[in-house]
Amino acid sequence: MRFSELKDNHEPTRYTPREYVSWHDFKCYGHLPDGSYFGIGEIRDIDECWYDDFFLVDAEGRALAYAYEHFRSVAMPEAAVASPSGKSIVWLAEGQLWTWLYNPKREGFASFEGHQVHVPEDVAVADARMGANGMVDVWCADGSRYQYACDADALLAPGERGPLLCTYPRWLDWYALECRTSCDAYFKACAEALPGISGLLVCADADSFASSEFPDGFREVRFSEDCDCVESYMLAGAKLERVVLSAGVSEVGQCAFAWNRSLRELVIEGDASRIAGWADDAFEDCPCEEEYLELRRKAQTE
């Protein structure tokens with residue numbers, strides 16, 4: 001079922017904080033295979049103030065872990081569901097998709113690790129649906145579609161040769177330090193978990209990565225509309241076969257795609273006049289270099 005059909009899919013129950021013996025009201029949104037349940041209740045902080053939080057409760061009703069340190073700044077879930085494996089919890093709140101993942105290092109859902117699933121260009125999420133395979137179909141307000149592999153924490157966009165892995169922005173580095181160690185390690189982990197990934201969708205403010213560390217299956221790279229610059233040497237020496245530069249890309253740096261000796265398909269969307277200012281060696285020693293230089297010459301003479 002779509003999340004919109006599960007709106008406010010909670011039922012009243014109760015929980016007890018570990019340090020207390022009293023019981024408190026709790027809105028249960030769902031259960032995990034071990035009998036624990038998740039949802040919203042009021043928690044007392046160190047200042048003895050009570051506030052709403054999203055947290056996990058064990059089968060006996062004792063609070064285990066908390067998704068947020070300051071949950072009151074985040075909208076209440078319209079619907080929340082667990083993946084079939086029980087390794088992730090996903091919810092929709094005011095156009096944003098959120099997730100909370102099982103942390104194998106801590107052998108459970110750790111406190112304060114819930115985070116937003118970043119959708120390219122910050123487009124609002126209109127609806128979602130959890131599949132039996134743990135893939136979440138995501139419908140956005142602008143008509144775009146994505147899939148979210150919740151257990152792998154991988155948002156996938158459609159590509160010409162297969163799904164493209166969406167990059168996360170730098171402002172999620174705190175999460176990267178805890179769970180991913182580096183952007184390259186994240187790419188590798190996602191490629192291992194989801195072998196059908198064919199490349200990347202690079203979003204604005206993406207964390208830095210090394211093209212030399214690309215998984216073997218990464219053959220296509222697309223830049224989202226909100227990504228305005230391809231930095232020098234960014235994808236030099238990779239094994240790309242297809243590059244799509246959206247209309248938002250206004251600058252391409254020196255040797256940005258150089259020495260991609262399988263790169264034959266180059267797609268430049270939007271106004272071609274902007275190519276005039278791009279680096280002349282951006283596609284050096286690529287099969288598409290001659291095509292690119294011809295486009296650049298035309299842009300400079302028009």
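In the predicted model, the protein exposes about 14,200 Å², of which 47% is supplied by carbon and sulfur atoms. Of the 302 residues in the protein, 52% are buried. Along the principal axes, the C-alpha atoms fill a box of roughly 75 × 40 × 35 Å. The secondary structure consists of three helices and 21 strands. Among contacts with a separation of 6 or more, 44% are made by residues 24 or more positions apart.

The charged side chains comprise 27 positive and 54 negative groups. The centres of these two sets lie 4 Å apart. On the surface, a patch of negative charge is formed by Glu121, Asp122, Asp142, Asp205, Glu225, Asp226, Asp228, Glu231 and Glu251. One of these residues, Glu121, is placed in the loop between β10 (115-116) and β11 (125-130). The relative accessible area of Glu121 is 36%, so this residue is classed as partly exposed. Membership of a patch requires over 30% relative accessible area and no salt bridge, and the value of 36% for Glu121 is therefore over the area cut-off.

Salt bridges were examined next. The structure holds 14 of them. One salt bridge joins the side chains of Glu241 and Arg161, with an N to O distance of 3.5 Å. Glu241 belongs to the loop between β18 (229-230) and β19 (242-245), and Arg161 to the loop between β14 (154-157) and β15 (164-166); the pair therefore ties together parts that are 80 residues apart in sequence. Both side chains are partly exposed: the relative accessible area is 29% for Glu241 and 39% for Arg161.

Arg161 also meets the side chain of Glu265 in a salt bridge, at 3.4 Å from N to O. This pair links distant parts of the chain, since Glu265 is in strand β21 (residues 265-268) and Arg161 is in the loop between β14 and β15, 104 residues apart. Glu265 is partly exposed, its relative accessible area being 31%.

A further salt bridge of Glu241 is formed with Arg219, where the closest N and O atoms are 3.5 Å apart. Arg219 lies in the loop between β16 (199-202) and β17 (220-223), whereas Glu241 lies in the loop between β18 and β19, so that this pair ties together parts 22 residues apart in sequence. With a relative accessibility of 24%, Arg219 counts as partly exposed. Through salt bridges that share partners, Glu160, Arg161, Arg219, Glu220, Glu241, Arg242 and Glu265 are joined into one network.

A buried loop position is provided by Thr16, which has a relative accessibility of 7%. Buried status requires a value under 20%, and Thr16 is therefore assigned to this class at 7%. Thr16 is located in the loop between β1 (11-15) and β2 (24-31). When residues up to four places away in sequence are not counted, Thr16 touches Val21, Ser22, Trp23, Gly61, Arg62 and Ala63. The C-alpha atom of Thr16 is separated by 48 Å from that of Phe223, a residue 207 positions away along the chain.

Notes: Residues are numbered from 1 along each chain as its sequence is written. This is a predicted model: local features need pLDDT of at least 70, side-chain atom pairs count only at pLDDT 80 or more; totals for chains, interfaces and linings use all residues. Side-chain values use heavy atoms; hydrogens and water are left out. Patches are made of residues with over 30% relative accessible area and no salt bridge: like charges are joined within 9 Å, nonpolar side chains (Val, Leu, Ile, Met, Phe, Trp, Tyr) within 5 Å. Accessible areas come from the Shrake-Rupley method with a 1.4 Å probe; for residues, only the protein chains shown count as cover. A salt bridge is a side-chain nitrogen of Lys or Arg within 4 Å of a carboxyl oxygen of Asp or Glu. Lys and Arg count as positive and Asp and Glu as negative; His and the chain ends are not counted. The place of a charge is taken as NZ of Lys, CZ of Arg, CG of Asp or CD of Glu. Helices (H or I, at least four residues) and strands (E, at least two) are DSSP runs, numbered from the N terminus. Buried means under 20% relative accessible area, exposed over 50%, partly exposed in between (1.4 Å probe, protein chains only). Contact means heavy atoms within 4.5 Å.
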